[in-house]
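Welcome, and thanks for taking a look. Here is a short briefing on rings, charges and sulfur links.

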Amino acid sequence: MKQKQYKDIIAPTQGLNHFKVKELLNSMKSISFFIFFSFASIPVLFFTSCDKGASGEQSAPAPSSSQLSAPDFINQFCSNPGVSGKTQSKVSRFKAYSKIDLSNLTDTHVDTINGVPHYSLNITVNNTCLLNSQAGFTYDNFRNRITTSMRIQSFLYHHPIRGDLDALANQLLQDDCVLRASPNQKMEFQSHTESNFTWPAFNDDYVKQQKHLESIDVTGGFSHIYNPTLGMNVLLNNGSEVIIAVVDTGIDTSHPDLLDNYWSFTVTNSNKTIDGPFYGVDAVSLDRLVQSYTDYNPYDEDGHGTHVAGLIGATANNDRGVVGVIPYRSKIMGIKVYRYNSSTGQNNPYKTAVLNGARWARDKGAKVINISMGTLPIYNTAFDPDWEILFDELLSDGVSVVLATGNGTGSDPATEINNKTFAILPAIYGYSYKGVINVGATQAENKLRASFSHYSTKYVEMSAPGTQNNNGHLAPGLMSTAPTYNVLRFGTTTGYAYASGTSQSAPQVAGAVGQVYAFVKDKTGSWPSPCVAEAIIQYSADKVDGLKKDFKDGNHLNLHRLGEVLQELY
């Protein structure tokens, strides 16, 4: 069901100002020494020119961490835009993109509203412009739906299939407040149900079932990162806490193994009384299409988000449950991006909610954002300006992003991501942006690629355990937190469950990135840039020979080595 193509070519935004690595290196001199549900792997045609961005992206080989010192690797990674195939600033895959593109509307973008089929569109708007406008499409449709604290916001808009798309496109084109209008996509979660100082043994109940902790050497990592002398002394309560946002299905806001590590805030209501604490937001409510107020309850109706949150930051040594990758000096922010539809069984969030949720998290102070979901491209390229606009904003504001590579299934097995015949959004952008990391899944028992994980030595930069072994989806997944109430995903109310997928791999890397942020802030008083954070993660990774055919440099998360590198640098 193809429609006409409407395009207004506009120039991409200017380059971003990031933390200067040379200043970081100079400052070091004075320091004594950082759900995929299954979906069809449909072949998609891509432009072969996509590998060169507008900013002069080159295909030169990345610097090898085995050949360089940590400062030299960071310097080359962050100061040379072409040396790693990533740029520190904006990298549009074309020199300009379409402001209005309604050319790819199909039956997959149709919602039925009051019995009438409508196209579902994502319209991204400059709220500052909208607040100052007196007329126009955005004024008529979105003026009463904006969240005033957000500079840029995406809106879900339904247009009748039988309506006039020509007229709609012209209205959008003439509205200066519109940044982008395109078909809205449903996202899919990447998960399957199932120093003379030594860190003491964990006393958490299920830690022995957490095989991934051994694979990434969490105990060795904590011995360096939380070293009372050379690391962060977690016995002191005056250290820096990094906020990590989980953009997902929500969180169990009363989970006993997570509650101490939740970020929270309060709101003064109209009666001048205090409401809260609240632990995040239901991002669906940020677009006032569904309701007239912002819902600050990220209640998890599915379980996926709570499982991801536990892998990042479950409390350690509290005589219960499990252990996260960053159990100290972290706060988990819950960003709910979907609501379960009991009549249809629909649980796939719109891209609109994901974009708005990530922006809200940034505005509230998140330094790391984990997005364990994705979708196949709807264009004839693995290119979506909606994600580019978002990543430009986040990186400019010093926020790192961690993405899940995606899963195959038995009928549609894991596929190589080559950006010509197959790609996943938004994970493909890990290659293009320094500070955005694309994570594949391995087996905890042997550090080899999990059979379900998509793979690429170019586009997948890191890996971490996503299952215990390679017995397909029947293999035990990773043990983590689950809702303490009944949800569809997990048939238990114990608060703990197994799940496997690249959805489980990404949050371990997000937790490690959080460790970099907290450690650097603790030692220097400043947050690292997203580029420096990613450089440290890649430099400290294990280079596993058995992974070099699947992921960039065979990179596998190693928290022990990460702790050593952080101590060396800071």
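A charge counts as sitting over a ring if NZ of Lys or CZ of Arg is within 6 Å of the ring centre and within 35 degrees of the ring normal. With that in mind, the charged end of lysine 364 sits over the ring of phenylalanine 265, 5.8 Å from its centre. Please remember that this is a predicted model.

**Charges over rings**

- Phenylalanine 265, the ring beneath lysine 364, also belongs to an aromatic cluster with Trp263, Phe278, Tyr296 and Trp360.
- Lysine 523 takes up a position over the face of phenylalanine 519, with 5.9 Å to the ring centre.

**Aromatic pairs**

- The structure holds 24 aromatic pairs.
- One of them is the stacked pair of phenylalanine 73 and phenylalanine 77, with 5.9 Å centre to centre and 25 degrees between the planes.
- These two phenylalanines, 73 and 77, are about one helical turn apart because they are four residues apart in helix α2 (residues 70–79).
- Phenylalanine 73 is buried at 3% relative accessible area, and phenylalanine 77 is buried too, at 1%.
- Tyrosine 296 and tryptophan 360 make a tilted pair, 6.4 Å centre to centre with 40 degrees between the planes.
- Tyrosine 296 lies in the loop between β12 (280–282) and α8 (304–313), while tryptophan 360 is in helix α9 (residues 351–363), so their pair ties together parts that are 64 residues apart in sequence.
- Tyrosine 296 is partly exposed at 23% relative accessibility, whereas tryptophan 360 is buried at 2%.

**Disulfides**

- There are two disulfides, and they follow the pattern 1-4, 2-3 when bonded cysteines are counted along the chain.
- Cysteine 78 is bonded to cysteine 531, with their sulfur atoms 2.1 Å apart.
- The torsion about the S-S bond of cysteine 78 and cysteine 531 is about -115 degrees, so this disulfide is left-handed.
- Cysteine 78 is buried, at 3% relative accessible area, and cysteine 531 is buried as well, at 1%.
- The other link joins cysteine 129 to cysteine 177, S to S 2.0 Å, and is left-handed with -75 degrees about the S-S bond.
- This link connects distant parts of the chain, 48 residues apart: cysteine 129 is in helix α3 (residues 127–131) and cysteine 177 in the loop between α5 (165–174) and β6 (178–183).
- Cysteine 129 is partly exposed at 26% relative accessibility, while cysteine 177 is buried at 2% relative accessible area.

Key
Residues are numbered from 1 along each chain as its sequence is written. This is a predicted model: local features need pLDDT of at least 70, side-chain atom pairs count only at pLDDT 80 or more; totals for chains, interfaces and linings use all residues. Side-chain values use heavy atoms; hydrogens and water are left out. Rings of Phe, Tyr and Trp (its six-membered ring) pair if their centres lie within 6.5 Å; planes under 30 degrees apart count as stacked, over 60 as edge-to-face and the rest as tilted. Buried means under 20% relative accessible area, exposed over 50%, partly exposed in between (1.4 Å probe, protein chains only). A disulfide is a pair of cysteine sulfur atoms within 2.5 Å.
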